[in-house]
Amino acid sequence: MSGVDTVAVAAATPDVEQPFTELGLTEDEYGRIREILGRRPTSAELAMYSVMWSEHCSYKSSKVHLRQFGEKTTDEMRARLLVGIGENAGVVDIGDGWAVTFKVESHNHPSFVEPYQGAATGVGGIVRDILAMGARPVAVMDQLRFGAIDHPDTARVVHGVVAGVGGYGNCLGLPNIGGEVVFDPVYQGNPLVNALCVGALRHEDLHVSAATGAGNLVVLFGARTGGDGIGGVSVLASETFEESGPSKRPSVQVGDPFAEKVLIECCLELYQAGVVVGIQDLGGAGLSCATSEMASNGGTGMRVRLDAVPLRDPSLAPEEILMSESQERMMAVVRPQDAERFLEITRKWDVEATVIGEVTDDDRLVVTWHGDVVVDAPPRSVAHEGPVYNRPFARPAELDVLQADRAESLPRPTTGEELRATLLRLAGSANLADRSWVTDQYDRYVLGNTALAMPDDAGVVRVDEETGRGVALATDCNGRYVRLDPYAGAQAALAEAYRNVATAGATPIAVTDCLNFGSPEDPGVMWQFDEAVRGLADGCRVLGVPVTGGNVSFYNQTGDTPIHPTPVVGVLGVMDDVTRRTPSGWGAEGLALYLLGTTREELSGSEWAWVEHGHLGGRPPVVDLDAERRLGEILVNASRDGLLDAAHDLSDGGLGQALVEASLRFGVGARVWLDEVCERDGVDPFVALFAESAARVLVAVPRSEEVRFTDMCSARRFPHARIGVTDDSGVLEVQGQFEVPLEELRAAWQSTLPAAFAD
């Protein structure tokens, strides 16, 4: 076809100027592409390399740091690992022939440009990653960070993102079992939208993304390819927003959850029929990614007829088809003898499927357009052998000043009346207030397998309906802690997610992470990243839980101002029977309340310091991973033996917030005394209530089980103190200090989000 930049044309016109910088490539990178090809790239090749070598797809600035996750994983940690880092999602064995696959990813930049579609397609993309492993998706979660709750632009982003997450997930019929919502001015121009999906499969149903078997067919199926999202996530996520807003505005992808719902059922039937050799979803970088990665993973080549791709927009050029990030598309490798059965199943589900090429044995990715060759490149060079950067990093000089400015020296409440007023203000503050305005827009119980969901500490979902075997999931990150000390802050995120899974009664077995940071070109940001990854890798080794996969999101900043480093950590735990799960609040009177763990005067980075003083400084609470592990064992064993009626972790807002949430969960009050804890730990009532020391949990124990429970704590030499009882007074009383009617607490806790966002 005339006017098409073919390989022959490229070879004959070496000096044509190409817009490589506009596509995000450096001069060195462009030079390397010319070296690999032995000529200048065609427009289609340039498009392909530019998206695949972008930060989002290639991990070029993070690879050297992420290697630690593999290097610090022991054989013992690998015991349950069926698939680790490098595939669409990690897969772990949970027993009885069952496996689960789970992963968290970011869709941050698109969600600022177009909040509804950005968030919706973030959910759609992570669900397809899980589907591509051979699993049925069973639940989703979302981790959201917005700007200040009272900023005029925050409502726009919140309404769009929450509606997008809920709209897409609800239409798919997947329960949303938990997540996070955080407000902080630092995310004003750069909100974070992270989405997690978990799926279940039998071991024998595991699929991977590899094109094997020369002569096998390459089939594109699902939605047609359009102009939406061209350069979308891959180029957009590799760019910083300037002060004025996004400078590049490629179309954000547009999602159709009903098309995806049909695609899920279609894929599961294709797996059942045994007609899929390899499979990959089309997400960031679209066809560029699927073709090059599948060929590279299989150690093969691939020949693709681009003009066979079904289009929504017939005016698309070859490079645009390669870059399009249209949603709800999958690519499969199919044996020729299975092709008719494959197409029969896709027809049954009314899913469009087209053979667009075949696997070859020559280690070349060749793409043709109406017979002309427009791409001829080694697939590994596109997918896996992109540039790798050792970016310079240096500890920011201002960190010493920040860490010296400790919250422990701020004025604090001393009287009972002041403590009561502080408790109410914190309960109604932006980050501690009730989240049900958000979570009520999500379906938490569809499919009938949800055993716990928000507002409990972890989401729990049944995998095997016969035995009740299931998994618990929790995600956490306190960006303020990571800002103050990236190593300790990342470990605090891991410890909290681990603890939350254990409070539900599940044994933590695996980790996924979504590492949200500023620009990798800033040495201070790269230092934060290196410290956080090191902290996570070291922490996972101590706790014995491997990182199975995840995502890095760089360039989260507005102008020169990066977000707080926000490494969101998801921990997955397994339980034999989800009916034995432990909720986060008490539902009966007469239970004994125990505080597990040691309370220290740790107020820096706390909600109290932020809400009451607008203060961020000092060092975050100390993380004791050995204590976290022993605490986890107590919680899991006590839950299994029926010794706990409730367990609530202590984190943001400390003991005070845990008492508020656990009392309000089922509307049962409590009488609490702090004398023993204050005396043993050398703290005053204010610190006992509002410090955020780690490795602490509040539990409710039936009186008949107190001796067995305290023996269990003593055997593990774990600090525990009886600090109260539940009662039917309708009041939360801290003896000698104050009492608050639950109705007054509920009014303070529940009014904040509706007041800010209700229409």
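**Helix packing, internal cavities and backbone exceptions**

In this predicted model, helix H2 (residues 27–37) packs with helix H3 (residues 43–52) at an angle of about 120°, their axes lying 11 Å apart. Because angles of 65 to 115 degrees count as roughly perpendicular and those over 145 as roughly antiparallel, this value makes H2 oblique to H3. The two helices cross in a right-handed sense, and their contact is formed by Tyr30, Ile33, Ile36 and Leu37 on the side of H2, with Glu45, Leu46 and Tyr49 contributed by H3. Sorted by class, this contact between H2 and H3 comprises six nonpolar residues and one charged residue, with no polar residues.

A further group of packed helices involves H9, which takes part in two of the contacts described here, one with H8 and one with H11. The axes of helix H8 (residues 115–131) and H9 come within 7 Å and cross at roughly 35°, and the crossing of this pair is right-handed. From H8, the contact draws on Pro115, Tyr116, Ala119, Ala120, Val123, Gly124, Val127 and Arg128, while H9 supplies Arg156, Val157, Gly160, Val161, Ala163, Gly164, Val165, Gly167, Tyr168, Gly169 and Leu172. By class, the residues joining H8 with H9 are divided into 12 nonpolar, five polar and two charged.

For helix H9 (residues 154–172) and helix H11 (residues 257–273), the axes come within 8 Å and the crossing angle is roughly 35°; this crossing, too, is right-handed. Here the contact is made by Tyr168, Cys171 and Leu172 of H9, set against Pro257, Phe258, Glu260, Lys261 and Ile264 of H11. Six nonpolar and two charged residues make up the contact of H9 with H11, and no polar residue is present in it. Tyr168 and Leu172 of H9 thus appear in the contact with H11 and also in the contact with H8.

Attention then turns to the space enclosed within the model. Rolling a probe the size of a water molecule over the atoms reveals where empty space remains. The count comes to five cavities of 30 Å³ or more, and the largest of these holds about 110 Å³ of space. Its lining is composed of Tyr481, Ala492, Glu496, Arg499, Pro621, Val623, Leu650, Ser651, Asp652, Glu692 and Ala694. Helix H20 (residues 486–503) provides the largest share of this lining, with three residues. In terms of class, six nonpolar, one polar and four charged residues line the largest cavity.

The second largest cavity contains about 50 Å³ of space and is lined by Asp142, Asn176, Gly178, Gly179, Glu180, Val181, Val438, Thr439, Tyr442 and Met454. At least two residues of this lining come from each of strand S5 (176–183) and helix H18 (436–439), and S5 gives the most, with five residues. By class, the lining of the second largest cavity consists of four nonpolar, four polar and two charged residues.

Two features of the backbone remain to be described. As a general matter, most residues other than glycine have a negative phi, and most peptide bonds are trans. Met454, which is one of the residues lining the second largest cavity, is joined to Pro455 by a cis peptide bond, with omega at about 10°. Pro455 itself is placed in the loop between strand S14 (450–452) and strand S15 (459–462). At Glu328, a residue other than glycine, phi takes a positive value near 60°. The position of Glu328 is in the loop between helix H13 (318–323) and strand S10 (329–334).

Definitions and conventions
Residues are numbered from 1 along each chain as its sequence is written. This is a predicted model: local features need pLDDT of at least 70, side-chain atom pairs count only at pLDDT 80 or more; totals for chains, interfaces and linings use all residues. Side-chain values use heavy atoms; hydrogens and water are left out. On a 1 Å grid over the protein atoms alone, a cavity is a set of points where a 1.4 Å probe fits but cannot get out, and a pocket is an open set with protein on both sides within 12 Å along at least five of seven lines; lining residues have an atom within 4 Å of a point. Grid points are joined across faces, edges and corners, and a volume is the space filled by probe spheres set on the points. Helices (H or I, at least four residues) and strands (E, at least two) are DSSP runs, numbered from the N terminus. Ala, Val, Leu, Ile, Met, Phe, Trp, Tyr, Cys and Pro count as nonpolar, Asp, Glu, Lys and Arg as charged, and the others, Gly among them, as polar. Axes are lines fitted to C-alpha atoms, for helices over the stretch in contact, and angles run from 0 to 180 degrees between N-to-C directions. Angles under 35 degrees count as roughly parallel, over 145 as roughly antiparallel, 65 to 115 as roughly perpendicular and the rest as oblique. A crossing is left-handed if the near helix is turned anticlockwise from the far one by less than a right angle, and right-handed if clockwise. Contact means heavy atoms within 4.5 Å.
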